[in-house]
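Let's take a walk through this chain together, starting from a single side chain and working outward. Have a look at the picture before reading on.

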Amino acid sequence: MPPYKWIHIESVYWLLAGGLVFALAIILARASRHLGFSFRKRTEQELEAETHEFGGGVTEQNRPMPLFIWLVTVGYFIWAVAYVIFSGARGL
């Protein structure tokens, strides 16, 4: 059995992991109306009362920040800190 056969298996694992992360991102983005983060709990009536309508059917609501945006923001800062530490340790 050639030793380089396992390289293909590793590529499959990376593709599956990337696909799962991408699918999770889509699920969190689609569920952002229900999955949000806020320090103050509000009822659905309070959220609907704060709807502002602009021309052409464009509306906005004062809702909590979606969980997807929190995860992207926190993930970016974790990556940035890890990148700086790794680059400094390797002397890049």
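Trp70 is partly exposed: its relative accessible area is 31%, and that falls between the 20% below which a residue counts as buried and the 50% above which it counts as exposed. Keep in mind that this is a predicted model. You'll find Trp70 in helix α3.

So what does Trp70 team up with on the surface? Together with Met65, Ile69, Val74 and Ile78, Trp70 makes up a nonpolar patch, and the accessible area of the five comes to about 420 Å². Helix α3, which covers residues 67-90, supplies the largest share of that patch, with four residues.

Now hop over to Arg33. Its place is the loop that links α1 (5-30) and β1 (36-37). Arg33 is another partly exposed residue, at 46% relative accessibility. Along the chain, Arg33 and the patch member Met65 are 32 residues apart, yet 9.3 Å is what separates their C-alpha atoms.

Time to zoom out. The chain has three helices and four strands, and reading from the N terminus you meet them in the order α-β-α-β-β-β-α. How many of its residues are buried? Just 4% of the 92 residues count as such. The accessible surface adds up to about 8200 Å², and carbon and sulfur atoms hold 70% of it. As for contacts with a separation of 6 or more, 42% of them are between residues 24 or more positions apart.

Notes. Residues numbered from 1 in each chain as written. Predicted model: local features only at pLDDT ≥ 70, side-chain atom pairs only at ≥ 80, totals over all residues. Heavy atoms only, no water. Helix = DSSP H or I, 4+ residues; strand = E, 2+ residues; numbered from the N terminus. Buried < 20%, exposed > 50% of the residue type's maximum accessible area, 1.4 Å probe, protein only. Contact = heavy atoms within 4.5 Å. Areas by Shrake-Rupley, 256 points an atom, 1.4 Å probe, with all protein chains shown as cover. Patch = residues over 30% accessible without salt bridge, like charges linked within 9 Å, V, L, I, M, F, W, Y side chains within 5 Å. Salt bridge = Lys/Arg side-chain N within 4 Å of Asp/Glu carboxyl O.
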